[in-house]
Structure formats: structure tokens, C-alpha cells
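Reader: I would like to go through the side-chain contacts here and hear the reasoning behind each label. Could you take me through them?

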Amino acid sequence: MSSTELPSVPAANVLPKVATVRVAEGERLRSVGLPGITLTVRSRPPAREGLPPALYVHGLGGSSQNWSALMEQLEGHVDCEAVDLPGFGDSPPPDDGDYSITAHARAVIRYLDASDRGPVHLFGNSLGGAVTTRVAAVRPDLVRTLTLVSPALPEIRVQRTAVPTALLAVPGVTALFTRLTRQWTAEQRVRGVLHLCYGDPGRVTSEGFRNAVEEMERRMQLPYFWDAMTRSARGLVNSYTLGGQHALWRQAERVLAPTLLIYGGRDQLVGYRMCQKAARTFRDARLVSLPEAGHVAMMEYPEVVARAFREHLAQSGEPEADGQVADGRATRNPGEDDAVTENAGS
């Protein structure tokens with residue numbers, strides 16, 4: 001093993017005890033054992049029986065908690081579950097140490113096959129957007145609709161603000177970064193993440209900030225935290241170099257499910273200019289632009305994203321549990337930013 005590589009992490013059954021992960025009111029956590037992986041799944045009981053299933057997949061460094069606000073908004077429309085990808089949230093590392101986009105997609109597919117919940121309304125943010133794009137391309141039978149929030153699809157010109165995150169994929173950079181930031185407090189780390197991921201960090205409540213700090217403190221105790229971050233970043237960067245049928249943009253062209261694309265105008269990690277390319281690439285796409293949002297619109301503007309999804313269901317002709325077509329009408333809350341919506345694709 002190269003001296004610049006991270007050492008292997010302990011087996012999941014000998015990992016140290018850390019603080020329990022936060023569960024919001026009305027949510028449940030359960031552990032699901034699958035071949036080679038163990039996944040933690042966060043769920044929210046649906047408002048009524050028979051609602052169509054939905055599955056949410058987080059981005060790099062995130063967890064299923066990233067979807068809690070949106071899950072609450074949509075509990076009357078879909079049966080919500082969010083997964084912690086291997087090595088993130090409360091899920092232990094994969095047995096084989098594979099954090100590639102393909103491996104993450106395989107984990108999602110294994111869970112959907114094992115749970116027999118498909119086809120689902122599939123959501124993905126950032127790295128999770130790349131993962132769910134691959135899932136929708138290779139297993140269209142599992143996906144009813146696809147909703148992508150700032151998906152991490154290949155860009156020719158990466159934003160300067162995204163370069164530090166991409167550098168995590170370079171051997172030795174993570175070790176250097178951890179040495180340089182050894183004295184940083186959890187509060188400092190969280191503020192840095194919020195300024196990178198939010199269009200307006202001021203939208204985070206004091207309670208939300210305290211919860212984020214608590215989660216950061218928990219994660220920093222995990223011996224595999226930086227390993228999962230580094231290898232997943234490397235897996236994402238490597239996926240950008242793939243050609244042929246494995247190229248992410250080529251796979252985006254193969255997605256059959258009606259696709260909702262949500263991009264933030266203040267996104268510092270995924271270029272806003274990529275929204276038009278995505279709208280042209282996905283066959284049946286609807287684009288929603290949120291000029292004031294950053295990289296995690298579902299956390300920053302959950303009401304707006306929920307409304308866009310409901311409208312997407314109505315436009316796609318998706319039935320509700322009672323057989324009626326979904327009603328996309330929603331009341332606009334005072335102060336909500338207007339979203340720019342357009343239809344795209346064939």
C-alpha cells in the first residue's frame with residue numbers, strides 16, 4: 001500500500017461505540033443487512049395506507065438526515081425512506097471497501113430488490129444524484145420517477161469553489177487536510193460546510209445548527225470517516241473519466257423515468273450552467289431553477305422542492321394511492337423565492 005493511501009479501517013463488528021444518530025420526531029431508523037453491506041434506513045410513516053414508495057439518496061459527506069425536512073413535506077404524497085450509503089450516516093463501511101459510484105448504485109439496487117418496494121420515486125442529491133442516475137439507467141424497472149437535486153454529473157470546467165472537495169480524491173491530500181485542521185472545532189467545521197452548501201447559511205435555525213454540530217462530533221469519532229469521504233470522492237472523480245456506455249452523461253440519456261431537475265443559482269459545488277445540459281440530456285425532463293438556493297435545495301427550501309415534486313407528479317400523470325392523478329397545486333408560503341420552471345426533453 002502506498003504511503004499516501006489511507007490505512008484500512010477496522011471491521012464493522014469491532015468499531016468503537018459512538019453517540020447514537022439523531023432521529024427526528026416521527027422518524028424511525030432500522031438496520032438492513034445485505035450481501036457485503038449493512039444499510040441504515042430512515043423512514044417516516046406515510047399519512048395514509050397505499051401511498052407510492054419513495055427512496056432518497058444523499059450526497060458526499062451527507063446522510064439520510066439531509067432529507068428529513070423534505071420527507072416531512074411529502075409524507076402525505078409518498079411513503080418515504082432515506083438510506084445512509086455505506087460508510088456514511090449510521091451505515092458501517094462496505095466489506096470490500098469499494099466506494100465507487102457503481103458500488104453505491106449497487107447498494108441502492110440491492111436494497112430495492114430486497115425490500116421489494118420498487119418501482120419507487122427515486123431522489124438523489126450531489127453524489128447521490130450520480131448514483132441514482134446510474135440506478136435509473138441500468139434498472140428502469142425500479143424507478144417510477146427520478147428527482148435530482150444538484151446532481152454531480154461530469155463538468156468540463158469545474159468551479160473554483162468545488163476544487164477543494166475534488167482534491168480529496170488525490171492521494172495524500174486528506175491526510176494533509178486532517179493535520180492542518182486538527183484544532184478545528186465541530187462548530188468551525190459545520191460553519192464551513194454550511195457556507196459551502198447553502199446559498200444563504202442564515203436560513204439555518206439555531207436548533208438546526210446545534211443538531212449539525214452534534215452530528216459532526218459524532219462522525220469525527222468514527223475511524224472510517226475520512227476514509228469513506230476520500231474513497232467516495234475518488235470514486236466520483238473516477239466516474240467522470242469513464243467512457244462508452246458507463247459514462248454518466250451517456251447513462252443519463254438512457255433514463256426512461258420522468259425526471260425532475262432542481263438546480264440552485266448559488267451552488268458552489270455543481271455549476272448552475274449544467275442545468276441546461278441536463279435538461280437536454282434526460283429524455284423526459286422538467287427543470288426547476290432556484291436562483292437563491294445553494295447545493296442542498298431540499299434542506300434550504302424544502303417547501304419549494306416539495307411543491308415542485310408534487311407538480312412533477314401531476315405533470316407525469318402519476319396516480320395517488322386512491323387511483324386519482326396527483327394534484328400539483330400548492331399554496332405558496334409568504335417569503336418563498338420564486339422558482340423558474342420549464343419543460344425540457346422530448
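**Labels and their reasons**

Author: Gladly! C80 has a relative accessibility of 0%, so C80 counts as buried. Please keep in mind that this is a predicted model.

Reader: What makes C275 buried?

Author: Its relative accessible area is 4%, and buried means under 20%, so C275 earns the label. As for disulfides, the structure holds 0.

Reader: Let's turn to the rings. Why is the pair of Y56 and W67 called tilted?

Author: The angle between the planes of Y56 and W67 is 45°. Under 30 degrees would count as stacked and over 60 as edge-to-face, so an angle of 45° leaves tilted. The centres of these two rings are 5.2 Å apart, and the cut-off for a pair is 6.5 Å, so they qualify as a pair. A search of the whole structure gives 5 aromatic pairs.

Reader: Where do Y56 and W67 lie in the chain?

Author: Y56 belongs to strand β3 (residues 53-57), while W67 is in the loop between β3 and α1, with 11 residues separating them. Both Y56 and W67 are buried.

Reader: What makes F123 and F309 a tilted pair?

Author: Their planes are at 50°, so the pair is tilted, and the ring centres are 4.8 Å apart. F123 sits in strand β5 (residues 120-126) and F309 in helix α12 (residues 302-316), so this pair ties together parts that are 186 residues apart in sequence. F123 and F309 are both buried. There is a nice link to the previous pair, too: ring pairs join Y56, W67, F123 and F309 into a cluster.

Reader: How do you know that the charged end of K277 is close enough to count as sitting over the ring of W249?

Author: The distance from the charged end of K277 to the centre of the W249 ring is 4.7 Å. The cut-off is 6 Å, so the distance condition is met.

Reader: Now the charges. Why do R30 and E81 count as a salt bridge?

Author: The N to O distance between their side chains is 3.2 Å, and the limit is 4 Å, so R30 and E81 qualify. R30 is in strand β1 (residues 28-34) and E81 in strand β4 (residues 79-84), so the bridge links parts of the chain 51 residues apart. The structure holds 15 salt bridges.

Reader: Is R30 buried or partly exposed, and why?

Author: R30 has a relative accessibility of 34%, so R30 counts as partly exposed. Its partner E81 is at 7%, so E81 counts as buried.

Reader: What about D79 and R117: what makes them a salt bridge?

Author: Their side chains meet at 3.7 Å, N to O, so the pair falls within the limit of 4 Å. D79 lies in strand β4 and R117 in the loop between α2 and β5, so parts 38 residues apart in sequence are tied together. D79 is partly exposed at 24%, whereas R117, at 15%, counts as buried. R30, D79, E81 and R117 are linked in a network of salt bridges.

Reader: And how do you know that R286 is buried?

Author: R286 has a relative accessible area of 6%, so R286 is buried. E311 comes out at 27%, so E311 is partly exposed. The side chains of E311 and R286 meet in a salt bridge of 3.0 Å, N to O.

Terms used
Residues numbered from 1 in each chain as written. Predicted model: local features only at pLDDT ≥ 70, side-chain atom pairs only at ≥ 80, totals over all residues. Heavy atoms only, no water. Phe/Tyr/Trp six-rings, centres within 6.5 Å; stacked < 30°, edge-to-face > 60°. Helix = DSSP H or I, 4+ residues; strand = E, 2+ residues; numbered from the N terminus. Buried < 20%, exposed > 50% of the residue type's maximum accessible area, 1.4 Å probe, protein only. Lys NZ or Arg CZ within 6 Å of the ring centre and 35° of its normal. Disulfide = S-S within 2.5 Å.
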